[in-house]
Amino acid sequence: MRAYSVAAEEALHARNLLKDWLGERFLTTSQWRSMEQETVSDLRRTNIFLRLVLFLFAVIIVVSAAALIVTVLFSGSDRLPGGIALLVFAAACYAGAEFAISEYRLYHHGIEEALAVCSVGFLCVGVTLLADIRIAPLAGGIASLWIWHRFGLAYAFLAAMIFAAWLPGYWTTSHTAQHLIVAAIYAAGLMTVAGLRSRYRFTYLNEEYSIAEALLWLGIYLAINLQLSPVNLFDHRSISVYSTPEFPRAFYWFTWVLTWCVWPAVLWRGLRQKDHFVIAVGGTVAVLTLITNKSYLGWPRHTWDPMLLGALLAGVAVLVHRWLSQGPGGILHGFTARRLSGKDKHWMNAGSFAFGIAAPGSTPMNPQTNSSDVRFGGGESGGGGASSDF
Amino acid sequence: MSILARLEQWKALGVISAEQYTLLAGLSCGEPLSLFLELNVLLYGGILAFIGGLGWTVSTWSQQLGDVLVQAALFVIFAICFWYCFSRVAPWSPHETPSPNLIFDYVLYLGCLTWSIELAYFEMKSHLLSGQWDYYLLATACLFFCLAYRFDNRFVLSLALSSLAGWFGLTISHWPSHQDAAYRQYAILYSFLIVIVGIILQRFGFKRHFFGTYLNIAANVLFWALLSGVFQRWDYTLWLIALLALCGGSLAWGLSRRQFSFVAYAAVYGYVGISWILLRDVHDFHAVLGYFVVTGTLMVVTLVRVAHHFGRET
C-alpha cells in the first residue's frame, strides 16, 4: 500500500535521528559518520528550500500544460470533453507521481508531491464538470486520504479533512446538523487513527499518525466551537448568545461545555502519549477556549484581556519550567525543559528571525476620546512603533 | 530495521557506549520528552499578547488614567525588564552566548517592545521632536542593535533591522502606493548598508552567527527593489541586468556555502523578473501557457541537477 519500502523509510528515520543527536552532541562526529554509513537509503531527498521551489515549478508546468491542452482542444462550452480531459490529467498526474517514485526514488522531493496534489485538483474539477459538485468533496477527500497514506504527505490529510468539512453543506441546510456531522466524521477518523497508531508507536510512521491525530483533534474542536464557526467569524455582532439564533439554545450551551472539556482531554492525551503535535494542539485549543469564552457568554471584552492572557501564558511557561527543573537532571515524570534536539535549535533560530521581523512595534490604537492629539497609529514591520502615524 | 534494533547493534559493535545507548534509546522513544519548543512558544505568545493588550489599554484609557500614571506604568515595566536582564547577563563575549535561562530573551523582548510604546506615547503627548519620527526610528534602531549584540538576542536584532528599514522609509504599507523610485533607492541603500555592517562585524568576529540574518534580510529587500525596477514600463534594462547579476551572486553564494535559501531566491526572483520581461507584450494566451510549460520544465531540470549535486539534505 505504501509507495516506499519499510527498510528505506526506517533508514531515513534513523538518519534524521542521528543528525538530530549529532546537533546536540549526543554523538561524536566520528560515531555519526560510522553510524550514518549503515543508514544509507536509496530514496532521493532534497532540502526544504529546493523542495518548495521544485513543487512550485512542477505545479506551474502541470497546470499550464493542462490549461493549454484544454483550451486548444476543447474551446467550446461543452462540459463533457473538458471534464473527461481533466480526469485523464488527474490519472496522468497520479501515474507521473508513482513513476517519479518508482523510477527516480523521489521522497518528499517537491516534484512528485506537485503531481499528486495536481491529480487531486484535476479530479475535483473534472468530477464537478462531469457529474455533480456535491461529489467533488467526496472524491477529493478520498483521493487526498489515499495520497496521505501512499506517499506520507501530512498536508494531504489536512486536505482530506477540509474536503470532509465541505460535505455536510450539501446534505443539510441546518448549521447545527452541519457542525455535528463534521465533528462526528472527525471523531470517527480520530478513533480509527488512535486505534491504528499504537502499532506504529516507535517506528518511522509514528510522526505521520501523530500529525493526523493532532489535526483531527483540532478539527473536532473547530467544529464544536460555535464562536469560531464561519457564520460567526464573519458576523461582527457575534459577541453574545443572541447573535447566533441559527443554533438552538441547548446545542449552543452544550458546545460551550464541550469546548471546556476538549482541551484538557487533548492535553492529557498528548502528555500521556508524549506526543508533541497533540500537546501543541491541546495548548492551542486551550488558548482558543479562553479567547472565545467571553463571546460565548456574551460578556464584554476589555482592553486588558490580552494582557491577562499574555501574563497567564508566560506564567504557565515559567511555572512548568521551574517544576520540571526540580527533577533530577531537570527531568520530571519523563519530561524536561532542556533542549534535546538539534531541530529545536534550528526552529528557534528561524522563528526568532521571522517573528522578530513580523512583530508589532505597537498595536493599532483607537482611543475613546475626541481629543485630536491622541491618535495612535499602527507600527510598521517592527520598527518599535515609531514608524506609525500619530 | 527499527532505530532501537540499530542502536542495539551499534552498542554490540562498540560504536556507542552503554550510556549512550541508554540515552539514545530513551530519546527515540520520547523518554524524556523535551518541552523546550512548547515553552518558548508559550513565552513568545504570552509576550505578544501582553504587549498587544498594553498598547490597546494605553490608547483606550490614556485620558482617564492620566499621562503620569500611563508613563509611570510603562516605565516600571521597562525598568524591571532591563534591571532583570542587566542583573543576570553573563559577561559580554563576541561569540554565541547561550541565554542564562529560558525567560531571559523574552524579558528583553518585552522591555524593547514596551520601550517602543513608551516612546510613541511620549512623543504623542510632548511633541518633543515635532513629529520627526525618523529620529525616533534611528535612535530605536541603534538602541536595539546595541541590546541585540550585548544580550545575543535574535528577536531584538530583527527588531533593530526592521526599525532601521523604517528609518530608510521602507514601510511596507506605503510601498505600492507612491514614490516607487525613491523607495527603491532607499531599499538598495539599506540592503548594501546592512550587508556591509554585517560583513564588518563578522570580520571583527562580533557575533558571527548573526550574519545569516543580515544576509537573508538584505537579499530579500534587494531582490524586491530590483524586481520593482524590472516591472517599470520604461528604463528597466539596467534593473534587469542588476537582477540577473544578483541572481548569479545569490546562486554562487548559496551553492558554495550550502545555503539553499539563496538558491531558491535566485530561482524564484530571477524567473519572475525574466518572465515579466518576456511576457509583457505577449497577448496570446496559448503562447503564455506554452512559455510556462517550456521554461518551467527547464527550471525543474536545472534545479533537479542542482539538488542532485549539492542539495541532497538540509
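Q: What is the mean pLDDT of chain A?
A: This is a predicted model, so confidence is a handy place to start. In chain A, 86% of the residues reach a pLDDT of 70 or more. Averaged over chain A, the pLDDT comes out at 86.

Q: How many contacts does the model have for residues 362-390 of chain A beyond near neighbours in sequence?
A: Two stretches of chain A deserve some care. Over residues 234-242 the pLDDT stays under 50, and the model has 17 contacts there beyond four places in sequence. Where pLDDT is low, the coordinates shouldn't be read in detail. Residues 362-390 also sit below 50, and for this stretch the number of contacts beyond near neighbours is 77.

Q: Which helix gives the largest share of the nonpolar patch?
A: The patch covers about 690 Å² of surface, and its members include A:L158, A:W166 and A:Y170. One helix of chain A, spanning residues 154-171, brings in 5 residues. That makes the main contributor helix α7.

Q: Is A:I185 buried, partly exposed or exposed?
A: A:I185 belongs to the nonpolar patch and lies in helix α8, residues 175-197 of chain A. Its relative accessibility is 30%, and the in-between class runs from 20% to 50%. So A:I185 counts as partly exposed.

Q: Which residue in β2(A) stands opposite A:L332?
A: Three strands make an open, mixed sheet in the order β1(A)-β2(A)-β1(B). Its edge strands are β1 (331-332) of chain A and β1 (33-34) of chain B. β1(A) runs antiparallel to β2(A), residues 335-336, with 2 bridges joining them. Across from A:L332 in β2(A) is A:F335.

How values were computed
Residues numbered from 1 in each chain as written. Chains lettered and ligands numbered in written order. Predicted model: local features only at pLDDT ≥ 70, side-chain atom pairs only at ≥ 80, totals over all residues. Heavy atoms only, no water. Patch = residues over 30% accessible without salt bridge, like charges linked within 9 Å, V, L, I, M, F, W, Y side chains within 5 Å. Areas by Shrake-Rupley, 256 points an atom, 1.4 Å probe, with all protein chains shown as cover. Salt bridge = Lys/Arg side-chain N within 4 Å of Asp/Glu carboxyl O. Helix = DSSP H or I, 4+ residues; strand = E, 2+ residues; numbered from the N terminus. Buried < 20%, exposed > 50% of the residue type's maximum accessible area, 1.4 Å probe, protein only. pLDDT = per-residue confidence, 0-100. Contact = heavy atoms within 4.5 Å. Pairing = 2+ DSSP bridges.
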